[in-house]
Amino acid sequence: MTDLVIVGAGPRAVMLVERLLARRSPVPLRITLVDPYPPGAGRIWRREQSPLLKLNSMARDVTVFTDESCTISGPIRSGPSLIEWAERVRAGTLPDVTIDDPELRFELQGLRPDSFPTRRLQSAYLDWFWRRTVAIAPPGVEVRWHEGVVQWVDDTADGYEVALADGIRLSADVLVYAMGHNAREPEGEAVSLREAAASAGLTYLPPAFTADADLSVLAPGDDVIVRGMGLAAVDAVVLLTAGRGGRFVTDTTGNLRYEPSGLEPRLHLGSRRGVPYRSKVSSRLQGETPVREILTPAAVAELLARPGTVDFLDDVWPLIARELVWGHYRELFTGHPERVTTTWEVFRETLREVDADTSALRLAAAEVVPDPLDRFDLRTLDVPLGDETFSGALDVHERVRRHIVDDLQLRTSQDRSAAQALFLTILSSFLGLADIPTERWSARSRAVDLPVTWHAFFSYVASGPPAHRLEEFLALAEAGIVRFLGPDISVRVEAERGFVASSPRTAGEVSARALLDAWLPAATASASENPVLRELASRHGREVHVSDELFTGSLGRIDVDADGRVIGRDGQPRAAMFAIGPFTSSMEAGAFTRPRSDALSLRQTDRIAGAVSVALAARARAGVR
């Protein structure tokens, strides 16, 4: 029996198992997944969390299965997307699915392709995916889940010994780390704020997965400063309002309003941009299908043909910026010809001349696109408040509120379907970046520009909350529960006032006895709260340290090769140890993904599964155990 041990049992781990079984790996084979949380869903998508928490993807845009679009070496084994699964459950054609929770049954019955499902319903889908994967394992292959926590791993003469907190020891011929997002030890400002809060009797909640944060320490009526306006902040606001008994109701005029329960704190929200992530797009394309015209395979090949490294900001970002311009205007001109005064054929020739010149592009667009909201400006998309300054709290609050109203119009109205084209263009650009080998990027690109700058932009524009969450923000603002602080927020601690938030672009300050930093902890292996991840960084593998003549730094992530093999302390890839997920040096791609998009996550998972399959075959031939 050849043994494969996978540390983790969340979506990415089970998707890896499915890709292995699709290849019919050598038998007899025993696959053991170790995780304290149920397989399939894992910690993030577990069923035991608030029913108010949702995916930020529509039911039609979630799958864990490969399909005909996937450019992979392994076999295609199709399966239902989340909405297709729900439809089959409703039709009674999946007898192995039983939904015993009345709330989940109600949600399932009403789920539409454009619904944003709860994480609990996603948990049921992922649980079914796990059970289906196990059920179709070929004879001679055993797949099992061990409920437990890995504490450490030792090398042995034949492979690895995996030690669990419950005293169990597992032997592994091949080992895969697939642990997803983990909490990390506080450092830097978080440590300073924690110590200052303890000394002054204040309440400080550091970055965390929102479902695991102890929000009960925030008392009703308390003022709370919330830093961050992304998905973690949205979840926190939901749990602190509707999660405490408040209700969102639609009045007779069709407007959403909030009825407080009286248990809510007062939330003062600010961030670097000062606005929430852009709403998820709900419009449909009306014009020509988006195609890459700037960041093409030929353009990438030209970059790679040059000597030296490829720099994201200098070499690639200008191409992406131009691609976004083309994607927006192609849909506007071909899908909404009534909103422009010339044809796409004419304007695309203009773009060839001016798309790299911001001022010239603005002038050219203004001549043929009458509505300013139809014009594309990358700077405004990324930093909507620009360099504006504000006279005080009410001024900045109203400005952010107006921005949210405009954003909802742009992202949900069918008349503004250029936002959908922009979304698809960003996804396509993400795939284009994957064609550049990791080792060709400059040190700054690997350590900062790709994992931080690009990822933050991508998340802000393409991975925001459902539109109804921003409508709820507006209702909460109207009810006086939420106040917007604006951009470039900084926080200090004063003995008498507590936490004090201010912006260099807004007159006045806000003080509170509580501070919530609402974002996910960085995926840093060496600082992880998970001891097995720290051990991987310090014993079996190493953190990625990058250096060239212009930049030296560390990703804080585990060094892996293109096949997911862990790079050992000696700089050589380990033949039977693999890692997959956000804590690795691979381009972050998530787990489940959109159907028929040739998604990077499926490509990565399949490639690593192929390498793991080769390692298992080598162990089987060697006759280990």
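**Strand pairing, a buried aspartate and nonpolar cores**

In this predicted model, the backbone nitrogen of Asp 3 lies 2.6 Å from a polar atom of the side chain of Asp 173, polar contacts being pairs of N or O atoms within 3.5 Å, of which, within protein, one must be able to donate a hydrogen and the other to accept it, with residues adjacent in sequence counting only if both atoms are side-chain atoms. Asp 173 is placed in the loop between β6 (169-172) and β7 (174-177), and it counts as buried because its relative accessibility is 0% (buried, under 20% relative accessible area; exposed, over 50%; partly exposed in between; 1.4 Å probe, protein chains only). Residues are numbered from 1 along each chain as its sequence is written, and side-chain values use heavy atoms, with hydrogens and water left out. Local features need pLDDT of at least 70 and side-chain atom pairs count only at pLDDT 80 or more, whereas totals for chains, interfaces and linings use all residues.

Helices (H or I, at least four residues) and strands (E, at least two) are DSSP runs, numbered from the N terminus, and two strands pair if DSSP finds at least two bridges between them. Strand β6 runs antiparallel to β5 (residues 160-164), to which four bridges join it, and Leu 170 of β6 is the bridge partner of Val 162. The two strands form a hairpin with four residues between them, and Gly 167 in the turn has a positive phi of about 95°. Leu 170 and Ala 172 make up the covered face of β6, while Arg 169 and Ser 171 make up the uncovered one.

An open sheet of five strands, paired in parallel, follows the order β8-β17-β9-β12-β13. Its edges are formed by β8 (203-205) and β13 (482-486), each of which has a single partner strand, so one side of each is left without a neighbour in the sheet. Within the sheet, β9 (residues 223-227) and β17 (residues 514-517) run parallel and are joined by four bridges, with Arg 227 standing opposite Asp 517 in β17.

The largest nonpolar core (buried Ala, Val, Leu, Ile, Met, Phe, Trp, Tyr and Cys residues joined through side-chain atoms within 4.5 Å) has 84 residues, of which Leu 4, Ile 6, Ile 31, Leu 33, Trp 85 and Tyr 177 touch the most other members. A second, separate core of 83 residues includes Leu 303, Leu 324, Phe 347 and Tyr 460.
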